[in-house]
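Reader: I am new to this structure and would like a close look at a single part of the picture, the salt bridges. Please take me through them slowly.

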Amino acid sequence: MDCQVDMDDGGLQWYEQIGRQEQFEDEERERTRLTMATFEIHRATKRRAKLRLGMSGPAGSGKTYSALQIAGGLGGRIGMIDTEHGSGDLYADLLPEGYDVLSLSPPYTPARYIEAIHALEDIGVSTIIIDSLTHAWTGEGGSLDRQGKIADKSGNSWQAWRQVTPEHNALVEALLQSRCHIIATMRAKTEYVQEKDERTGKQVVRKIGLAPIMRDGIEYEFTTFFELDVQHMAYTGKDRTRLFDGEIFRPDMETGRKLLSWLNSGVDGPRSTTVMSEDQKTAMADAINRAGTLDDLYRAFSVAYRVANSLPDADALAELTALKDERKALLEVHNDAEFGIAA
């Protein structure tokens with residue numbers, strides 16, 4: 001019977017189905033072409049950059065003190081995001097020029113960290129010390145706390161991570177894209193080891209710091225990463241500057257000066273001064289509007305963010321950011337309705 005209907009309509013239904021399929025394939029090819037157009041190939045060139053320094057260590061290793069010393073060597077106005085209950089004010093007399101403190105209290109959500117970073121950028125600081133970044137992961141309202149509460153209410157741990165991970169990624173992006181130097185301290189897991197003192201021959205107990213208390217792999221996001229011990233000595237776990245390879249040293253203002261010299265070496269200015277094409281902007285807007293989950297949304301917006309910043313095209317970035325915010329609000333409402341929880 002169906003075959004008879006198809007024959008009677010002269011094949012119009014069949015042609016309509018084929019037409020829709022070809023249109024879909026054409027659209028997919030066009031989206032692929034526009035996506036490929038966002039790639040940029042250029043000759044590697046050393047350019048001026050902003051510092052992205054991470055430091056971890058156990059209690060008493062001197063993370064805050066070392067961060068201030070390095071920031072002093074970088075020069076300029078310094079702002080500190082203090083989550084350590086007023087410890088940021090304890091070194092008020094350390095630097096002749098002083099520094100500003102933004103006290104961050106619970107909840108330590110990634111969004112509040114981002115707001116704090118923007119607040120210090122807006123008052124004109126050149127270096128932001130985040131003391132500490134650990135609270136965004138393990139503190140009250142941090143990613144682990146939020147994931148646990150969502151999982152308890154929804155009964156779905158995997159879905160909880162799908163909501164929390166994009167928030168954490170947004171904080172990492174804020175660190176990487178800030179126009180200021182960033183120095184982020186992190187607490188380290190602590191372990192005690194027993195070893196022989198070569199001078200006395202006696203067994204002594206020594207406290208050591210292990211991995212930073214933060215999401216696994218956070219070290220990869222920084223240009224340089226120092227691991228501090230309780231003697232306030234730093235070991236370089238990662239160093240793209242190649243200034244401190246294999247060294248064990250005590251961070252001071254000279255450390256900041258060395259880093260600043262490396263950061264300022266190279267050519268000035270962005271790679272390009274063009275604006276995003278309308279075709280590129282349309283393709284990225286479509287990807288944002290078609291995002292079915294928060295993960296999809298942040299992946300789509302991440303591409304748009306990087307392309308707009310590399311040009312740079314502030315107008316396109318503002319337009320795509322507004323689209324992202326609208327889509328995010330719709331997806332969060334959908335999640336609330338599905339799981340019966342607050343976003």
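Author: What follows is a walk through the salt bridges of this predicted model, pair by pair.

A search of the whole structure finds 10 salt bridges, and among them is the pair formed by Arg77 and Asp100, whose closest N and O atoms are 2.8 Å apart. Arg77 lies in the loop between helix H3 (63–74) and strand S2 (78–82), while Asp100 belongs to strand S3 (residues 100–103), so this salt bridge ties together parts that are 23 residues apart in sequence. Arg77 is partly exposed, with a relative accessible area of 38%, and Asp100 is likewise partly exposed, at 27%.

Another of the salt bridges sits within a helix: the side chains of Lys281 and Glu278 meet at 3.4 Å, N to O, and both residues lie in helix H9 (residues 278–289), 3 residues apart, which is about one turn of the helix. The surroundings of these two partners can be read from their accessibility, since Lys281 is buried, with a relative accessible area of 14%, whereas Glu278 counts as exposed at 53%.

In helix H11 (residues 314–339), Glu332 and Lys328 are 4 residues apart and therefore separated by about one helical turn; they too form a salt bridge, with the closest N and O atoms 2.6 Å apart. Of this pair, Lys328 is partly exposed, its relative accessible area being 21%. Beyond single pairs, salt bridges that share partners join Glu278, Lys281 and Glu319 into one network.

Key
Residues numbered from 1 in each chain as written. Predicted model: local features only at pLDDT ≥ 70, side-chain atom pairs only at ≥ 80, totals over all residues. Heavy atoms only, no water. Salt bridge = Lys/Arg side-chain N within 4 Å of Asp/Glu carboxyl O. Helix = DSSP H or I, 4+ residues; strand = E, 2+ residues; numbered from the N terminus. Buried < 20%, exposed > 50% of the residue type's maximum accessible area, 1.4 Å probe, protein only.
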